[in-house]
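Please take a moment to look over the sequence and the structure shown here before reading on. The paragraphs below are meant to be followed with the model in view.

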Amino acid sequence: MWQFPMCVGALDGKHCVFQKFPMRGSEFYNYKGTHSVVLLALADAKYKFILVDVGAKGREHDAGVFAKSEFGQLFLNHGLQFPNFVYRDSIDDIVPYVIAGDGAFPLHQHLMKPFDKPVDAMGNFKGEEILFNYRLSRARRVVENAFGILSARFRILRHNTIASETLAQNIVLATVALHNLHLQREDSIPPKQHMYNPPGFVDTFKGNGFYKKGRWRSECKTSEDNFFQKLAEQEINRPNPTDDVDLGPILVREKFLRLFIHEPVPWQ
């Protein structure tokens with residue numbers, strides 16, 4: 001759907017704001033100046049959450065949350081049993097199934113992140129690297145929009161809610177479950193009858209590759225909305241936690257780069 005073949009989902013983290021938990025000090029204090037628990041989520045092409053991990057401290061970096069989560073442990077220890085590599089005629093090579101992530105996550109054979117090291121001091125990238133980052137960001141936008149729908153529909157996530165740590169986690173998990181149920185129900189009815197995710201509510205793309213911002217962005221008038229709108233800056237400016245990457249993931253990213261060159265989208 002989003003012109004990123006072999007992708008099983010898009011991964012990202014979201015800060016869910018709650019009032020400071022008793023006896024916790026600054027453990028949950030994040031860089032936005034609020035106290036929060038982190039919702040780490042993997043979303044599919046239709047904005048449904050495939051997997052979530054809730055409860056990490058707001059001060060933790062996305063890469064740290066991922067590494068400590070049960071999902072991250074299974075992933076890094078090769079316990080997720082990804083399907084076998086698939087042969088692609090266009091590049092005459094085999095390609096693995098991958099997850100789309102941003103610059104906060106480690107580059108891995110099954111986790112693709114954007115190129116984040118410019119070729120010159122002006123911050124310029126090679127043409128093919130720009131192409132790869134564009135296609136990756138296009139696929140990653142589904143998890144951004146999934147978070148946007150969640151915050152727009154369940155407005156408890158947009159307030160500084162008073163709750164215990166356990167209750168806060170259960171609130172987030174409940175909204176995620178209801179989000180998926182609403183989207184699943186609307187799969188079987190015409191788009192014009194959708195009420196939870198009506199046409200135009202999420203980002204829509206035109207035939208020439210340009211996109212129109214979804215209405216959820218105007219409804220989420222918070223600092224987090226501004227954070228969402230800086231997606232392009234995140235791809236370049238987020239810290240890189242893994243400078244020492246073995247050759248395998250780099251070769252896999254090069255394969256996808258070649259794949260995008262040989263299987264272009266019409267507006268590419």
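What follows goes from the whole chain to its sheet, its cores and a few single residues.

The model is a predicted one, and the mean pLDDT of the protein is 86, with 88% of its residues reaching 70 or more. One stretch needs particular care, since over residues 225-247 the pLDDT is below 50, although this stretch has 52 contacts in the model beyond near neighbours in sequence. The protein contains eight helices and nine strands, and buried residues make up 47% of its 268 residues. Among the contacts with a separation of 6 or more, 65% are accounted for by residues 24 or more positions apart.

A good place to begin is the sheet. Five strands form an open sheet in the order S3-S2-S1-S6-S7, and the pairing within this sheet is mixed. At its edges are S3 and strand S7 (111-112), each of which pairs on one side only. In general, the strands of a sheet pair through backbone hydrogen bonds, in either a parallel or an antiparallel manner, and both senses can be followed here. At one end of the order, S2 and S3 pair in the antiparallel sense over seven bridges, and within this pairing Leu40 has Asp53 of S3 as its bridge partner. At the other end, strand S6 (residues 98-100) and S7 pair in the parallel sense over two bridges, with Ala100 standing opposite Met112 in S7.

The antiparallel pair is also a hairpin, as five residues lie between S2 and S3, and Tyr47 in the turn has a positive phi of about 75 degrees. Tyr47 leads on to the interior of the model, for it is among the residues that touch the most other members of the largest nonpolar core, together with Phe18, Leu39, Phe49 and Val172; this core has 33 residues. Strand S1 (7-17), strand S2 (36-43), strand S3 (49-57), helix H3 (127-153) and helix H4 (165-186) each supply at least two residues of the core, and the largest share, seven residues, comes from H3. A second core, separate from this one, has 19 residues and includes Leu107, Met112, Val252 and Phe260. Met112 thus appears in two settings, as a member of the second core and as the residue of S7 that stands opposite Ala100. As a general matter, nonpolar side chains in soluble globular proteins tend to be buried together.

Which residues does Phe49 contact, once its neighbours within four places in sequence are left aside? The contacts of Phe49 are with Ala41, Leu42, Ala43, Ala146, Phe147, Leu150, Val176, His179 and Asn180. The last of these, Asn180, lies in helix H4 and counts as buried because its relative accessibility is 19%, where the cut-off for buried is under 20%. Beyond residues up to four places away in sequence, Asn180 touches Lys48 and Phe49.

Helix H3 deserves a closer look of its own. It has 27 residues and reaches 39 Å from its first C-alpha to its last, close to the 39 Å expected at 1.5 Å a residue, yet there is a kink of about 30 degrees in H3, centred on Arg140. Because 22 of the 27 residues of H3 are buried, this helix is largely enclosed by the rest of the structure.

Other residues are found in less enclosed surroundings. Leu76 is in helix H2 (residues 70-76) and has a relative accessibility of 36%, so it counts as partly exposed. Apart from its neighbours within four places in sequence, Leu76 is in contact with Phe66, Ala67 and His108; the C-alpha atoms of Leu76 and Phe66, ten residues apart along the chain, are separated by 9.6 Å.

Two loop residues close the tour. Most residues other than glycine have a negative phi, but Met23 has a phi near 65 degrees, a positive value. Met23 is found in the loop between S1 and S2, and it counts as exposed because its relative accessibility is 82%. Gln81, which is not a glycine, likewise has a positive phi, of about 55 degrees. Gln81 lies in the loop between H2 and strand S4 (86-88) and, at 73% relative accessibility, counts as exposed.

How values were computed. Residues numbered from 1 in each chain as written. Predicted model: local features only at pLDDT ≥ 70, side-chain atom pairs only at ≥ 80, totals over all residues. Heavy atoms only, no water. Core = buried A, V, L, I, M, F, W, Y, C linked by side-chain atoms within 4.5 Å. Buried < 20%, exposed > 50% of the residue type's maximum accessible area, 1.4 Å probe, protein only. Helix = DSSP H or I, 4+ residues; strand = E, 2+ residues; numbered from the N terminus. Contact = heavy atoms within 4.5 Å. Pairing = 2+ DSSP bridges. Expected span 1.5 Å × (residues − 1). Bend = angle between axes of the 7 residues up to and from the residue. pLDDT = per-residue confidence, 0-100.
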